[in-house]
Amino acid sequence: MANAAQLKISPELADKIRAHGAQTYPHECCGALLGRDTEVADRRVYREIHALHPLVNRRDDSPSNRFSLTSQDVLDAEKAARQQGLEVVGWYHSHPDHPARPSQFDRDHAWPWYSYIIVSVANRIPEEMTSWRLADDRTEFECEEIGLQRVAS
Amino acid sequence: MSVKVIIPTPLRVYAGKADSIDVSAKTVGEALGQLTSKFGDLRKHLFTEEGKLRSFVNVYVNDEDIRYLSKENTPTKDGDTISIVPSIAGGLP
């Protein structure tokens, strides 16, 4: 993927993701990232997260190591985004007692273009937060730098 | 039969940034086949290596999920809209 975007998110929203992960521990939390992509003068693209849309993990059979969202959840998130003049640019979820690194399972089920934020939560304490994008050929995730800063509305 | 295929946001970059593509097809399978023939990079994100629709790819014909119709053999008629809608999943190894 050329010019992998840097992701910008405010400290407050990053903390909300962490808090969601702590709240649902030992189960995985999940939600949508609402924002927009902005191309700047040197043709780099920045992805700005302006809001979150927390969702319910539909994998109630195995919520400690799996999360899923239905197509209706996706449509609901897209509607919420449109209402705020944004779009769904990715998803976040937590890894209880596991590093914030995407798994093979994450990769097998990922969509390109979306940012996937993962927060590690150990013993209810949020730890590392990372962001990833699926490579065009689906062979790997590419790490996306997270910039903690306030984004313009 | 002329049908419109709605492209989900994460795949638009592989479809010339279009949010929908018109194809002529008698079934959903034909429509998706024409879509991926025209935009080859879409194929790996919609289908497995065995040619099956990926489990997290949901396809609707006029708001009806093809899983409850005839799957990819679901017939289409003029003016129908085929929507490709993601579901999202992940988790630990």
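**Chains A and B: how the labels are earned**

Mentor: Buried residues make up 46% of the 153 residues in chain A. This is a predicted model, where local features need pLDDT of at least 70, side-chain atom pairs count only at pLDDT 80 or more, and totals for chains, interfaces and linings use all residues. Residues are numbered from 1 along each chain as its sequence is written, while chains are lettered from A and ligands numbered from 1 in the order in which they are written.

Trainee: What makes a residue buried?

Mentor: It has 20 or more other C-beta atoms within 10 Å of its own; 12 or fewer makes it exposed, anything in between partly exposed, with C-beta atoms placed from the backbone.

Trainee: Why is chain A called as compact as a globular protein of that length?

Mentor: Its radius of gyration, taken over C-alpha atoms, is 15 Å, close to the 15 Å that the globule rule gives for 153 residues, so the label fits. That rule is 2.2 Å times the number of residues to the power 0.38.

Trainee: Which residues of helix H1 (residues 28-38) of chain B are buried?

Mentor: B:Val28, B:Ala31, B:Leu32 and B:Leu35. Seen down the axis of H1(B), they fall within an arc of 95 degrees, so they line one face of the helix. The arc is that of the directions from the helix axis to the C-beta atoms.

Trainee: How do you know that strand E4 (residues 66-69) of chain A pairs with E6(B)?

Mentor: Pairing takes at least two DSSP bridges, and 4 join these antiparallel strands, so they pair. In E6(B), B:Gly90 is the bridge partner of A:Phe67.

Definitions and conventions: Helix = DSSP H or I, 4+ residues; strand = E, 2+ residues; numbered from the N terminus.
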